[in-house]
Structures are given as structure tokens and as C-alpha cells.
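Here are some worked exercises to try with the structure open beside you. Have a go at each task before reading its solution.

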Amino acid sequence: MADRSTTHHTITHVVAQTLRIYEKHAEIFLQQWGRKKYKRPALLKEWVALLPSRAVVLDLGCGAGQDTRYLATLGHRVVGLDRTMPLLRFARRRSASVPFVLADMRALPIRVSALDGIWAAASLIHLPKKTVPSVFAALHRLVKPEGLLGGTFTFGSNSRIKQGGWMAGRYFARWKKDELARALARAGWQVLSIRVVTNQERKGRWINVIARRN
Ligand SMILES: C[S@@+](CC[C@H](N)C(=O)[O-])C[C@H]1O[C@@H](n2cnc3c(N)ncnc32)[C@H](O)[C@@H]1O
């Protein structure tokens, strides 16, 4: 079995490698996600219906910032956060009045209980599963009581670095529905809905989650 330092090393490596691919291929990513006509994710529509008006919202791993901008147009006070600078630059150019912050999902520069909601579309999928329980707990601390989490996760059982295909080299954590629900519950989240969907916003099978702080 790997000792703790090896495990830590592997985790750091996997995240760094994933971020390198985003940095290197940001233009390819933007061609797919930044420039086409925006279609609001079905889960996001469902999630925003639960938010209070003028909610303080974090778009975690916001990428090109399309959901961030949509949340802002609804009157929410939203901040986009991502670790890939070229994507943030694109997002800033598109939405000059929306704040975008360069930071890592594992070390969030946000005050405890500051948020009404955290939206995480296809972003927490890039964190090694071992680190996710502590990130779920950290996110839980950042929202107010009754605060909401909305997120999409890759379904499956074989977490790995993607070999070949579109933007290969990125790590994807794959989850089973019960496993993900348990990890959320342990971190204090009350799961309001958890569903497996196929070929919706993104190809393949995904788990759509809405949860609330107990
Ligand atoms: C598949 S994209 C999703 C982007 C956006 N949420 C969307 O729905 O289009 C994943 C995003 O997570 C970001 N990301 C990956 N690892 C991260 C980390 N450790 N900290 C912050 N952002 C990260 C990437 O830079 C990328 O923008």
C-alpha cells in the first residue's frame, strides 16, 4: 500500500497535470464551451429556483464563465472562480462587471458562511476522490445555514486520467450514486436530489446533485 507521502504526491501530481492540460489547451476548451450559443443546463434552472433573490453565489470551476454570467443576469451576486488563467481572462472579457477570481478549489479564499449557494458544474470531477470529502466539508462551511450546493459529477467506477480523445491527460473522478450521496451526507449536506442523466449538457453519464446545508 502507498504510504501517506506517496499518496499526497500522487494527488498533487494528478491535480497539477489536469490544470496543465486546461492551461495548454484553453483555446480548444473555449472553442467548445466559450463560443457556442449558451444553453442553460437543466440542473442550473432547477437549482436557481431554490435560491433566495440577490443570492451570494460562487461558480466553482467556472471555466469560460457562461453559467456565472447567467447567474448574474438573474440578479444574483456571483463570483466565478477557476485555476486556469486563460479561461478566466476570457470570462472577464465577456462579463466585465462580474468578478472572477483565480484560485484553487482546494483552498478557497472565502469567508465562512458567506455564501447562499455554490454551483459546481463538471469541476469537482477533477479532484482525486480521496480529497473530495474534505472539500465537501470545506464547501459546507462556506455556505450559510440552508445554503445550497448544485453540482454535476462523472458517473462510473473507474477514476482515472483520460487517455486519448478530447483534452486527454485530465483526471476524472467517477462516482456511483450511493457513494456520492454518502460522501455529501458525511460532510453535513442534505441531499435534496441526486439523479443519473445521460448525454445532457455533456456526453456520457453524469450525476446531477442538489444539496442543502443542514
Ligand atoms: C469541465 S470544466 C467546467 C467549466 C464550467 N463549470 C462549465 O460548466 O463549463 C472544469 C473546470 O474546472 C477547473 N478546475 C480544474 N481543477 C481545478 C482546481 N483544482 N481549482 C480550480 N479550478 C479547477 C478547470 O480550469 C475548468 O475550468
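Helices here are DSSP runs of H or I with at least four residues, numbered from the N terminus. By that count, R94 sits in helix 5. One thing to keep in mind throughout: this is a predicted model.

**Exercise 1. Take stock of the overall fold: what is its secondary structure, and how does its radius of gyration fit a compact globule?**

Solution. Start with the elements: the protein has seven helices and 10 strands. Next, put a box around the C-alpha atoms along the principal axes, and you get roughly 50 × 40 × 35 Å. Then try the globule rule. For 214 residues a compact globule would have a radius of gyration near 17 Å, and the protein comes in at 16 Å, so the two agree. Now look at burial: 37% of the 214 residues are buried. Finally, check the contacts with a separation of 6 or more: 63% of them join residues 24 or more positions apart.

**Exercise 2. Describe how helix 6 and helix 7 pack: at what angle do their axes cross, and which residues meet?**

Solution. Two packed helices are described by the angle between their axes and the distance between the axes. Find helix 6 at residues 132-142 and helix 7 at residues 177-186; their axes come within 8 Å and cross at roughly 50 degrees. The pair is therefore oblique. As for handedness, the crossing is right-handed. Now list who touches whom: V132, P133 and F136 come from helix 6, and they meet A183, L184 and R186 of helix 7. Sort those contact residues by type and you have five nonpolar, one charged and no polar.

**Exercise 3. Work out how covered helix 4 is: which of its residues are buried, and what covers them?**

Solution. Helix 4 runs over residues 66-73, and six of its eight residues are buried, so call it mostly covered. The buried ones are Q66, D67, T68, Y70, L71 and A72. Next, ask what lies over them. The cover includes helix 2 (26-33), helix 3 (42-48) and helix 5 (85-94) on the helical side of the list. Strand 1 (56-60), strand 2 (77-82) and strand 4 (115-121) are also among the covering elements. To finish, step past the end of the helix: G75 follows, with a positive phi near 95 degrees.

**Exercise 4. Take A91 and R94 from helix 5: is each one buried or partly exposed, and what does each touch?**

Solution. Begin with A91, which is found in helix 5. A91 has 24 other C-beta atoms within 10 Å, so it counts as buried. Leaving out residues up to four places away in sequence, A91 touches C62, A64, G65, T68, G80 and F100. L124 is 33 residues from A91 along the chain, and their C-alpha atoms are separated by 19 Å.

Now do R94. With 15 other C-beta atoms within 10 Å, R94 is partly exposed. Under the sequence cut-off of four places, R94 touches G65 and R69. G65 therefore turns up in both contact lists. For a distance check, R94 and K162 are 68 residues apart in sequence and 30 Å apart, C-alpha to C-alpha.

**Exercise 5. Look at Q190 in strand 9: which residues does it contact once its neighbours within four places in sequence are left aside?**

Solution. Strand 9 covers residues 189-198, and Q190 lies in it. Q190 has 13 C-beta neighbours inside 10 Å, so it counts as partly exposed. With the sequence neighbours set aside, Q190 is in contact with A211, R212 and N214. One more pair to check is Q190 and I210: they are 20 residues apart along the chain, with C-alpha atoms separated by 8.7 Å.

**Exercise 6. Compare the backbone at E146 and N199: what is phi at each, and where does each residue sit?**

Solution. Most residues other than glycine have a negative phi. E146 has a positive phi, near 75 degrees, without being a glycine. N199 is not a glycine either, and its phi is positive at about 50 degrees. Now place them: E146 is in strand 5 (residues 143-155), whereas N199 is in the loop between strand 9 and strand 10 (205-213). Last comes exposure. E146 is partly exposed because it has 13 C-beta neighbours inside 10 Å, while N199 has 9 and counts as exposed.

Key
Residues numbered from 1 in each chain as written. Predicted model: local features only at pLDDT ≥ 70, side-chain atom pairs only at ≥ 80, totals over all residues. Helix = DSSP H or I, 4+ residues; strand = E, 2+ residues; numbered from the N terminus. Rg over C-alpha atoms; globule rule 2.2 N^0.38 Å. Buried ≥ 20, exposed ≤ 12 C-beta atoms within 10 Å, placed from the backbone. Contact = placed C-beta atoms within 7 Å. Axes fitted to C-alpha atoms, helices over the stretch in contact; angles between N-to-C directions. Parallel < 35°, antiparallel > 145°, perpendicular 65-115°, else oblique. Left-handed = near helix turned anticlockwise from the far one by under 90°. Nonpolar A, V, L, I, M, F, W, Y, C, P; charged D, E, K, R; others polar.
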